[in-house]
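Welcome, and thanks for opening the viewer. Could you take me along on a short walk through the cavities and the aromatic rings?

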Amino acid sequence: MRNLFVVIKPILHGLMKVIGMTSQLVEVEPGTTLHFWIPTINSTKPAVVFLHGFVANGIMTWLFQMISLRTSFAVYVPDLLFFGDSFTDHPQRSTTSHAHCLAKGLKKLGVEKFSLVGFSYGGIVGFKLAQLYPHSHMVESMVMSSTVIEMTESISNASLKNIGFTNWPDFLLPKTITDLKMLLSIGSHKFPWFPHFFFRDFLEVMFGNRKEKIELLEAFVISDKDATTPKYSQRIYLLYGDDDKIFNQIISDTTKAKLGENTTVEYIKRAGHLVQLERPCTYNCYLKKYLSCSTRI
């Protein structure tokens, strides 16, 4: 029996073509290639860049948003390094090196200014990107979901305690179907029923490059003494599920307080960490409202 996610891949690619998006590989530098979903035709619409989390690639994370926003915005969805078709042979694994890589890739695509939508791990990379390029005003505004500014040791320890794990690889890189069900259950307010083969096929396809991903997880936790809270000039919208078990409301309220008065926080009811997948219609309404306030469309 063929893997479900292998079967639907060409279907998703066909859907992307229908909605005016295409797949493109960008050689950022020798040895480093990023995969992007980009508009098929050059657009004058405001650009929005979506950064996915740690469990799935760009299209699996942001499909509902890509479909919904592509009529008003020029949507760009990269696969982060070691996800999808993005890869590097360089040894750096920090969010800083990841952010620089993204900036180079976007510039090669001609995307000089954009709004940024980040989810979980992608949000942390996104905050770092905005921090590293403040003077170019590359990032015009940010919508950050289910995320924090930096994964400090104290936040990491509190989050792991919330979900009953002692380290991130055991949680985010499941090895068995039971582990995967636990991951998706913790990530959701109420994860729907799926047949056994869904979990089997998801496990087989979505967790490649395990060694490199473990290195990413080891690199993204920093000591509290090395933590910084940059003064972002952009408007920042924090959007969480009200039942986020990983970054609960204590963590999200603390994040909002650190970011200051330019930041707004909203909670979507009956949604967990995977808020954009659980409540896509509500999430997209908030997203369109925020992006319309911060861009000219």
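Before the first stop, one definition helps: Ala, Val, Leu, Ile, Met, Phe, Trp, Tyr, Cys and Pro count as nonpolar, Asp, Glu, Lys and Arg as charged, and the others as polar. Keep in mind that this is a predicted model.

**Stop one: the cavities.** A search of the whole structure turns up two cavities of 30 Å³ or more. Select Ile124, Phe127, Lys128, Gln131, Ile149, Glu150, Thr228, Pro230 and Tyr232 to see the lining of the largest cavity. The space inside is about 40 Å³, and the lining residues comprise five nonpolar, two polar and two charged.

Now select Leu81, Phe82, Gln92, Arg93, Ser94, Ser97, His98 and Leu216, which line the second largest cavity. Its volume is about 30 Å³, and here the lining divides into three nonpolar, four polar and one charged.

**Stop two: the aromatic rings.** The count of aromatic pairs comes to 19. Pick Phe191 and Phe199 for a tilted pair, with 6.2 Å centre to centre and 50° between the planes. Phe191 is partly exposed at 28% relative accessible area, while Phe199 is buried at 5%.

Widen the selection to Phe191, Phe194, Phe198, Phe199, Phe202 and Phe207, a cluster linked by ring pairs. Then add Lys181, found over the face of Phe199 at 5.1 Å from the ring centre.

**Last stop: helix H12.** Go to residues 280-294, where Tyr286 and Tyr290 sit about one helical turn apart because they are four residues apart in this helix. Tyr290 is buried, with 4% relative accessibility.

Notes
Residues are numbered from 1 along each chain as its sequence is written. This is a predicted model: local features need pLDDT of at least 70, side-chain atom pairs count only at pLDDT 80 or more; totals for chains, interfaces and linings use all residues. Side-chain values use heavy atoms; hydrogens and water are left out. On a 1 Å grid over the protein atoms alone, a cavity is a set of points where a 1.4 Å probe fits but cannot get out, and a pocket is an open set with protein on both sides within 12 Å along at least five of seven lines; lining residues have an atom within 4 Å of a point. Grid points are joined across faces, edges and corners, and a volume is the space filled by probe spheres set on the points. Rings of Phe, Tyr and Trp (its six-membered ring) pair if their centres lie within 6.5 Å; planes under 30 degrees apart count as stacked, over 60 as edge-to-face and the rest as tilted. Buried means under 20% relative accessible area, exposed over 50%, partly exposed in between (1.4 Å probe, protein chains only). Helices (H or I, at least four residues) and strands (E, at least two) are DSSP runs, numbered from the N terminus. A charge sits over a ring if NZ of Lys or CZ of Arg is within 6 Å of the ring centre and within 35 degrees of the ring normal.
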